[in-house]
Amino acid sequence: MVITTNSCTFSEYRIYPGRGIKFVSRDCKVHYFISRKCTQLAQRKIKPVKLNWTQAWRRYFQKTKAHQIAKKRVKRKQKIQKAIEGVTLETIEKMKQPDEKLKIRDQASKEIKERQRKLQEARRKTKANVESKKGSAKAPVVKNIKASKKK
């Protein structure tokens, strides 16, 4: 059994048979209201978007899931391979292969790491030499902290 329902023109709630108020305005438009509250608010010309219990407010502030489902899908553009003068497509495809690039990158990173390691070792040696020279010339000075404080 199918039940025909109307929707409230103010709050957009469903009005089942035997409920609500049917109001015909002077311009012969039929308005259905679910409660007296909705009729009075509509007669006072209060916008349903400003009341947070109406469906119009929920739609305006995107509280319903209907907007999330209806998002448009963006078509992705297909990439077209353009030819370069003097270069064949085979050489371009070889350039795109990651194996050769990875090998070159790995070699370059290994060389950089080796240079950095050598620099650090050289710095450590020079630091050790300087510290050994400083340590032999001066003895550490011990201060009496308790004697310096006065109350």
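Let's start at serine 11. It sits in the loop between strand 1 (6–7) and strand 2 (14–15). Keep in mind that this is a predicted model.

Is serine 11 buried or exposed? Serine 11 counts as buried, because its relative accessibility is 0% and the cut-off for buried is under 20%. What does serine 11 touch, leaving out residues up to four places away in sequence? The partners are Ile34, Cys38, Trp53, Thr54 and Gln55.

Now zoom out. The protein has six helices and four strands. Read from the N terminus, the order is β-β-β-β-α-α-α-α-α-α. So much for the layout. Burial next. The protein has 151 residues, and 9% of them count as buried. On contacts: take those with a separation of 6 or more, and 27% of them join residues 24 or more positions apart.

On to the core. Which residues make up the largest nonpolar core? There are six: Cys8, Phe10, Ile15, Phe33, Cys38 and Leu41. Pick out leucine 41. Beyond residues up to four places away in sequence, leucine 41 touches Phe10, Ile46, Leu51 and Trp53. Phe10 is thus a contact of leucine 41 and a member of that core. Trp53 turns up twice as well, as a contact of leucine 41 and of serine 11.

Cysteines now. How many disulfides does the structure hold? Zero. Look at cysteine 38. The nearest cysteine sulfur belongs to cysteine 8, at 4.0 Å, and cysteine 38 is in no disulfide. The cut-off here is 2.5 Å between sulfur atoms, so a pair at 4.0 Å does not count. Both cysteines belong to the largest nonpolar core. Cysteine 38 is buried, because its relative accessible area is 1%, under the 20% limit. Cysteine 28 is another case. Cysteine 28 counts as exposed, because its relative accessibility is 64% and exposed means over 50%.

Last stop, the largest pocket. Its volume is about 180 Å³. Which elements give two or more residues to its lining? Strand 4 (30–33) and helix 1 (36–43). The lining residues are Thr9, Phe10, Phe23, His31, Phe33, Ala42 and Gln43. By class, that lining has four nonpolar residues, three polar and no charged ones. Two names should sound familiar. Phe10 and Phe33 line the pocket, and Phe10 and Phe33 are also in the largest nonpolar core.

To recap: serine 11 is buried at 0%, the structure holds zero disulfides, and the largest pocket has no charged residues in its lining.

Conventions:
Residues numbered from 1 in each chain as written. Predicted model: local features only at pLDDT ≥ 70, side-chain atom pairs only at ≥ 80, totals over all residues. Heavy atoms only, no water. Core = buried A, V, L, I, M, F, W, Y, C linked by side-chain atoms within 4.5 Å. Buried < 20%, exposed > 50% of the residue type's maximum accessible area, 1.4 Å probe, protein only. Contact = heavy atoms within 4.5 Å. 1 Å grid on protein atoms, 1.4 Å probe; cavity = no way out; pocket = protein on both sides within 12 Å on 5 of 7 lines; lining within 4 Å. Points joined across faces, edges and corners; volume = space filled by probe spheres on them. Nonpolar A, V, L, I, M, F, W, Y, C, P; charged D, E, K, R; others polar.
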